[in-house]
Amino acid sequence: MKTDIQIAQEALMIPITEVAERAGINADDLELYGKYKAKLSYELIEKVKDKPNGKLVLVTATNPTPAGEGKTTVTVGLGQALCGLGKNTIIALREPSLGPCMGIKGGAAGGGYAQVVPMEDINLHFTGDIHAIGAANNLLAAMLDNHIHQGNDLDIDVRTITWKRCVDMNDRALREIVVGLGGSLNGVPRQDGFMITVASEIMAILCLATSLEDLKQKISQIIVAYNTKGEPVTAGDLNAQGAMTTLLKDAIKPNLVQTLENTPVIMHGGPFANIAHGCNSVIATDLALKLGDIVITEAGFGADLGAEKFFDIKCRKAGLKPDAVVLVTTIRALKYNGGVAKANLQAENLEALKAGICNLEKHIENVQTFGVPVVVTLNAFVSDTQAELDFVKTVCEEKGCRFAVANVWAEGGKGGQGLAQEVLSVLEEEESRFAPLYADDLSTEEKIRKIATTIYGANDVIFEPNALKELAKIKALGLEYLPVCMAKNQYSFSDDASSLGRPQGFTTTIREIRISAGAGFIVALTGNVMTMPGLPKKPAAEAIDINNQGVVTGLF
């Protein structure tokens with residue numbers, strides 16, 4: 001059996017100019033990064049802004065398990081299938097981070113015969129967007145420390161600095177550091193730390209900005225610290241927004257690539273969904289909606305994280321109205337949620353499936369809470385039995401949603417045509433009554449409780465002392481109108497990663513709250529979730545290599 005990277009390296013890619021032509025994009029609106037990658041110009045965005053929007057389909061999933069669910073693979077396969085049926089379809093995805101690629105999760109460009117290519121480029125440095133975001137983030141950190149060193153005219157209380165440095169790598173040793181050591185020439189000693197770049201507020205801002213000017217304005221509003229009177233100090237106070245935006249002048253432009261079947265893919269932005277808002281950029285999605293009759297996009301991790309943030313943050317801020325949701329799961333994942341060890345998932349086990357189906361049921365209920373029609377798809381594995389498939393289909397129909405099996409990993413677009421037909425039926429026959437979960441005028445505490453009790457199923461929410469202090473600060477600053485971005489582990493509805501299925505009778509603990517005034521949301525950190533991951537005992541990086549001909553191996 002061929003690996004994903006072998007399949008990708010055998011792909012018959014067409015020049016990106018031809019991919020652009022399929023999407024109705026003139027070659028003059030491309031900024032080429034070699035033969036198979038391109039940036040899309042500011043001029044193109046302006047040209048198409050008055051065109052009507054196509055239909056928007058979100059692909060999400062049940063909670064991830066070690067068995068794998070294949071959400072991005074289904075997203076790509078569905079897009080290929082719709083194109084194969086003659087539909088003008090654009091896929092809009094996030095860019096992969098180096099952290100998971102070198103760590104444990106692997107890349108994020110799909111798999112099998114439903115991949116985005118050139119896979120190696122996309123999963124490594126791509127067009128440099130994430131590096132540019134890291135540079136802008138760290139410029140702000142450098143300017144902040146320099147301001148303090150040069151006399152601190154803004155009267156910054158160094159104990160209140162909230163801005164961290166970042167790097168696009170899983171490096172636990174950088175979570176907590178001390179800077180400014182070595183004498184007065186090296187600055188003022190203080191405790192600091194790093195987060196992974198995809199969790200940076202700069203990433204969130206880039207993904208929510210609508211133009212260069214909007215990007216600059218949002219950057220200027222970033223709160224980096226407080227002065228001795230307790231007043232916020234912003235990036236604008238440090239006069240950093242101009243230089244930071246300049247570093248991002250190319251990164252804000254969406255990237256165009258293709259699938260194995262040459263379907264156009266706009267890939268842009270890459271915030272994680274467990275510690276950030278988990279959606280590709282508003283600019284990319286808006287552009288895709290102007291170019292395609294149907295746009296297939298995804299949100300990270302399970303629907304309790306990515307989909308909730310897609311609905312409550314991205315759609316709220318960008319004025320988007322999703323027309324349908326595809327909810328991805330697997331028989332193996334459901335059996336895992338039913339208590340079966342990973343080593344035993346291939347054997348038929350209807351009892352475990354019945355025990356674990358509650359995870360899927362809760363995700364269906366959650367999406368339906370937002371008023372969007374749902375299609376459940378099983379990402380097929382050869383070990384699935386007909387009895388298991390029939391059981392899941394029956395449960396989905398009882399829940400009032402459509403059902404299809406997707407075999408896109410093995411067959412590409414052809415294996416997703418059944419799913420594509422169900423999606424087309426929903427778009428033609430059912431109306432989305434989308435509405436966010438909560439109103440803007442609820443307090444931050446009420447919004448957090450609404451998410452935890454409605455989406456997670458928690459009985460109650462506990463706010464630790466530090467979080468309570470931040471709630472009071474948010475109210476004093478008049479920022480309670482902002483939506484909430486929950487930072488939670490991806491494996492469970494609860495803040496306990498080991499609690500599978502559909503946990504009952506639990507409380508959600510909020511240990512810290514951070515204000516992302518530039519991005520325009522409040523981050524609530526639950527349990528022990530961290531914004532800087534670490535590498536596993538055997539990192540994926542150990543298997544990655546390259547030969548004298550430049551051929552990469554071990555990436556998947």
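Select Q417 first: at 32% relative accessibility, Q417 counts as partly exposed, since values between the 20% and 50% cut-offs fall in that class. The model on screen is a predicted one. Q417 sits in helix 17, which covers residues 417–429. Now show what surrounds the residue. Leaving aside neighbours within four places in sequence, Q417 is in contact with A81 and L85. For a sense of scale, add A142 to the selection: the C-alpha atoms of Q417 and A142 are separated by 52 Å, and the two residues are 275 apart along the chain.

**Next: G416**

Select G416, in the loop between helix 16 (408–411) and helix 17. Is G416 buried or exposed? With a relative accessibility of 0%, G416 counts as buried. Its contacts, again without neighbours up to four places away in sequence, are with A81 and V408. A81 has thus come up twice, as a contact of Q417 and as a contact of G416. Measuring from G416 to G300, C-alpha to C-alpha, gives 21 Å in space, for a separation of 116 residues in sequence.

**Zoom out: the whole chain**

Show the full chain as a cartoon. There are 19 helices and 24 strands in it. Along the principal axes, the C-alpha atoms fill a box of roughly 70 × 55 × 50 Å. The radius of gyration is 23 Å, which agrees with the value near 24 Å that a compact globule of 556 residues would have. Of the 556 residues, 58% count as buried.

Switch to a surface view. The accessible surface comes to about 21300 Å², and 50% of this belongs to carbon and sulfur atoms. Colouring by charge brings out 52 positive and 65 negative side chains. The centres of these two sets lie 2 Å apart. As for contacts between residues at least 6 apart in sequence, 75% of them join residues at least 24 apart.

**The aromatic cluster**

Return to sticks and select F310, F311, F370 and F434, which form one aromatic cluster. The structure holds 3 aromatic pairs. Start with F310 and F311. The centres of their rings are 5.8 Å apart and the planes stand at 70°, so this pair is edge-to-face; an angle over 60 degrees is what puts a pair in that class. F310 is buried, at 0% relative accessibility. F311 is buried too, with a relative accessible area of 0%.

Keep F311 and look at F370. How far apart are the centres of the rings of F311 and F370? They are 4.4 Å apart, and with the planes at 40° the pair is tilted. F311 lies in helix 12 (residues 303–318), whereas F370 is in the loop between helix 14 (350–369) and strand 17 (374–379), so the pair ties together parts that are 59 residues apart in sequence. Both F311 and F370 are buried.

**Helix 9 and its cover**

Select residues 212–220, which make up helix 9. Which residues of helix 9 are buried? They are D214, L215, K218, I219 and S220. To see what covers these residues, show the elements around them, including helix 8 (201–208), strand 12 (232–234) and helix 10 (241–247). Residues three or four places apart in an α-helix point the same way, because such a helix has 3.6 residues a turn.

**S516**

Move to S516 in strand 21, residues 507–516. S516 counts as buried, with a relative accessibility of 8%. Apart from residues up to four places away in sequence, S516 touches E201, F521 and V523.

**Three backbone stops**

Select V117 and P118 and show the backbone atoms. The peptide bond from V117 to P118 is cis, with omega near 5°. P118 is in the loop between strand 6 (114–117) and helix 6 (119–123).

Then go to D155, in the loop between helix 7 (129–149) and strand 7 (165–167). Phi of D155 is near 60°, a positive value in a residue other than glycine. D155 is partly exposed, having a relative accessible area of 34%.

The tour ends at F301, in the loop between strand 15 (294–298) and helix 12. F301 is not a glycine, yet its phi is positive, at about 50°. At 18% relative accessibility, F301 counts as buried, because the class takes in values under 20%.

Key: Residues are numbered from 1 along each chain as its sequence is written. This is a predicted model: local features need pLDDT of at least 70, side-chain atom pairs count only at pLDDT 80 or more; totals for chains, interfaces and linings use all residues. Side-chain values use heavy atoms; hydrogens and water are left out. Buried means under 20% relative accessible area, exposed over 50%, partly exposed in between (1.4 Å probe, protein chains only). Helices (H or I, at least four residues) and strands (E, at least two) are DSSP runs, numbered from the N terminus. Contact means heavy atoms within 4.5 Å. The radius of gyration is taken over C-alpha atoms; the globule rule is 2.2 Å times the number of residues to the power 0.38. Accessible areas come from the Shrake-Rupley method with a 1.4 Å probe; for residues, only the protein chains shown count as cover. Lys and Arg count as positive and Asp and Glu as negative; His and the chain ends are not counted. The place of a charge is taken as NZ of Lys, CZ of Arg, CG of Asp or CD of Glu. Rings of Phe, Tyr and Trp (its six-membered ring) pair if their centres lie within 6.5 Å; planes under 30 degrees apart count as stacked, over 60 as edge-to-face and the rest as tilted.
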